[in-house]
Amino acid sequence: MAQAQVPVTVLTGYLGAGKTTLLNRILSEQHGKTYAVIVNEFGELGIDNDLVVNADEEVFEMNNGCICCTVRGDLIRIIEGLMKRKQKFDGILVETTGLADPGPVAQTFFTDDEVRARTRLDAIVTVVDAKHFLGQLEQGDEAEEQVAFADVILLNKTDLVSEPELKTVEDKIRAINPLARLHRTQKSQIELDAILDKGAFDLRRILEFEPDFLSHGHDHDHEEEVTSLSFTADRPVVPERFQKWMGALLQLRGPDIFRSKGILAIDGAPRRYVYQGVHMMMDSDWGAPWKDGEARTSKLVFIGRNLDGENLKRGFEDCLK
Amino acid sequence: MKLDLANPAWRQALPPSRSVNSEAPVAACAFNRDGTLAAYALGDGAVRLLPAEVDAAAPDAQPPVHSGAVLCLIGDPAGDGFISGGDDGRLLRVNTDGTAAELLNQKGRWIEHLAQHRASSAIAASAAKNAYVVKAGEVRELGPHQSTVADLDFSKDGSRIACAHYGGVTVWSLGQDTLPPRRFAWAGSHVALRWSTDGKFIATATQENDIHVWRIAQATDMRMQGYPAKVKSLSWTADARFLYTSAQPVFTAWPFAGKGPEGKPPLQFGDEGAGLISVVAAHPTAEYVAGGYDSGELQLGDIKTRRSVVLKMADGSAITCLTWSPDGQKLAAGNDRGDMLVIDLRR
């Protein structure tokens with residue numbers, strides 16, 4: 001049966017950030033829509049509802065020798081199972097545990113043909129606890145990685161901190177991930193339009209991103225930290241060189257590169273070439289045509305750990321005509 | 001029984017059939033033990049029972065017996081009805097009058113796969129990381145496995161059961177429960193499993209579009225690659241000489257007679273169908289095979305003459321299930337738009 005792909009929203013956030021509150025609101029509010037919710041087995045969702053499915057975050061490594069090619073096999077199974085129901089869904093929400101790496105969830109939607117045929121990854125939404133975020137950064141990589149992967153960030157519990165504290169947290173979030181849309185919230189209260197159906201992984205909508213954070217640069221004193229780097233170029237990109245460079249880069253540095261996006265002006269091509277990736281997995285396509293007289297500027301963004309700005313800059317410049 | 005696929009009658013007209021639409025996707029279908037009824041597992045919680053004779057009138061739909069989707073269904077080896085499992089976590093015995101009795105309740109989990117051993121009237125069901133064997137009213141829990149059980153099957157003599165999961169297969173001994181389970185390891189996610197009809201091999205399909213087969217006695221294994229899509233359906237011939245696999249446009253059979261398939265290409269035969277085979281089912285006793293395509297086409301093949309004939313034309317709705325009647329004279333099939341079919345092959 002031909003049917004539209006169901007959008008899937010991934011909901012991450014450190015323990016206690018407010019994910020469960022948000023899910024409870026989505027499930028109990030009168031919005032006239034039907035959402036299936038896939039929760040982790042240790043979750044505490046108070047709602048007993050046949051739209052809620054328990055999952056167990058079963059991650060497996062693809063048998064291809066790549067250590068970052070990890071996939072949530074349970075999601076593949078559950079999505080196939082949900083598609084057997086007569087009832088159709090307006091969306092699917094996947095909640096991860098507070099300590100989960102969002103990589104495997106996202107990569108699942110790049111990997112399985114049937115999941116791709118029936119659903120589309122819409123966005124990764126991360127709930128951040130404004131009061132405890134800075135402390136959580138000290139406790140491990142999880143809180144930082146969840147922000148790095150995000151397309152939408154809810155900076156939650158803003159009522160528990162002062163405005164200067166909030167500003168510090170916001171600056172920290174922006175240093176990790178300047179691309180995500182950030183909303184300040186209390187008790188996870190937000191219009192559903194702000195988090196659902198965002199099309200963050202839609203190659204046709206990737207044009208909307210504007211890397212206006214070039215000034216952040218790279219700080220070698222903190223190279224263990226997660227940062228984002230962006231590059232622009234006015235000279236056209238030579239496709240063979242770019243493919244070779246990007247292929248080698250992701251092969252070598254895939255585990256450290258969480259998200260990447262790009263809009264490229266390919267030498268001699270009338271249309272934009274757009275791509276985006278999660279670790280080593282990538283999607284690409286031709287985008288909208290360049291208009292007459294429009295500046296053909298290529299843009300490239302990486303969010304990851306231990307990014308070597310000089311090296312990436314040189315690598316990209318070698319791809320230009 | 002004999003099906004002469006060279007008979008021009010196959011190409012002049014499609015065989016007699018009946019199709020009833022349920023408006024809910026069909027996840028599984030089965031015939032009952034004596035072959036008088038066909039049943040269909042539906043996405044609205046109903047197990048729909050229809051007479052196996054194609055010219056018999058279809059009775060009205062019965063109310064749903066599960067509260068979510070029915071995910072799996074087999075004929076009851078111990079009675080005239082069926083056994084069904086659903087995403088409501090219930091395993092049910094569905095009687096011929098449509099009433100149901102609960103055998104197991106695993107609320108919050110899905111009952112996703114079923115297996116049976118006819119001679120000993122045993123059935124097995126998977127629910128999350130566990131398998132449950134139900135025999136003579138007793139339930140035995142096997143597990144937990146390292147990940148959710150993705151498929152399961154009994155050995156030929158019913159003394160063991162194999163469960164597929166991440167990292168390989170676990171084989172449990174059912175007769176002596178003091179015997180530790182045996183592991184057959186291969187990295188990755190195994191998504192389908194069939195024990196060979198002679199008991200010597202266990203075949204799995206993996207997430208990475210290939211097939212893995214273990215020779216049980218020698219504990220050696222082999223891997224078959226080159227599929228363009230995930231193989232979701234495996235079927236051994238009655239004589240265990242061939243393993244049929246889905247995910248190809250023609251019937252594809254790996255030869256297991258003699259030295260086995262190592263170094264040999266699979267036998268491929270029949271007319272290329274529309275799309276890829278989504279479900280394949282070897283005949284229960286003879287050399288025939290049925291294949292359902294993701295385009296909705298159905299074909300019948302004969303491995304001896306390497307011929308195939310079309311049983312149903314493509315219609316854009318993927319065949320999701322396909323099974324032979326116990327006497328091998330009829331086929332039941334279902335698709336993702338809710339069509340419930342029976343095809344009579346006697347001509």
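**Exercise 1. The loop that holds B:P144**

Task: In this predicted model, determine in which loop of chain B the residue B:P144 lies, and state what is the geometry, cis or trans, of the peptide bond from B:G143 to B:P144.

Solution: Begin by placing the residue along the chain, where B:P144 is found in the loop that runs between strand 12 (138-142) and strand 13 (151-154) of chain B. Then turn to the backbone on its N-terminal side, where the peptide bond that joins B:G143 to B:P144 has an omega near 0° and is therefore cis.

**Exercise 2. Positive phi outside glycine**

Task: For A:S188 and B:A128, find which loop holds each residue, and decide whether A:S188 and B:A128 are buried or exposed.

Solution: Take A:S188 to start with, a residue other than glycine whose phi is positive, near 55°. Its position is the loop between strand 9 (181-184) and strand 10 (226-233) of chain A. A residue is buried when 20 or more other C-beta atoms lie within 10 Å of its own, and because A:S188 has 21 C-beta neighbours inside 10 Å, it counts as buried.

Continue with B:A128, again a residue other than glycine with a positive phi, here near 50°. B:A128 sits in the loop between strand 10 (122-127) and strand 11 (130-135) of chain B, and because 24 other C-beta atoms lie within 10 Å of it, B:A128 is buried.

**Exercise 3. A hairpin in chain B**

Task: Describe how strand 2 and strand 3 of chain B pair, and explain why strand 2 is described as largely enclosed.

Solution: Look at the pairing to begin with: strand 2 (residues 26-31) and strand 3 (residues 37-42) of chain B run antiparallel to each other and are joined over five bridges. One of the residues to trace is B:A30, whose bridge partner in strand 3 is B:A39. The two strands form a hairpin with five residues between them, and in the turn B:G35 has a positive phi of about 75°. As for burial, six of the six residues of strand 2 are buried, so this strand is largely enclosed by the rest of the structure.

**Exercise 4. The side of chain A that touches chain B**

Task: State how many residues of chain A are in contact with chain B, and work out which element supplies the largest share of that side.

Solution: Count the contacts: 17 residues of chain A are in contact with 26 residues of chain B. Strand 4 (59-61) and helix 2 (73-82) of chain A each contribute at least two residues to the side of chain A that touches chain B, and the largest share, four residues, comes from helix 2. Sorted by character, the residues on this side of chain A comprise three nonpolar, four polar and ten charged.

Note on methods. Residues are numbered from 1 along each chain as its sequence is written. Chains are lettered from A and ligands numbered from 1 in the order in which they are written. This is a predicted model: local features need pLDDT of at least 70, side-chain atom pairs count only at pLDDT 80 or more; totals for chains, interfaces and linings use all residues. Two residues are in contact if their C-beta atoms, placed from the backbone, lie within 7 Å. Ala, Val, Leu, Ile, Met, Phe, Trp, Tyr, Cys and Pro count as nonpolar, Asp, Glu, Lys and Arg as charged, and the others, Gly among them, as polar. A residue is buried if 20 or more other C-beta atoms lie within 10 Å of its own, exposed if 12 or fewer, and partly exposed in between; C-beta atoms are placed from the backbone. Two strands pair if DSSP finds at least two bridges between them.
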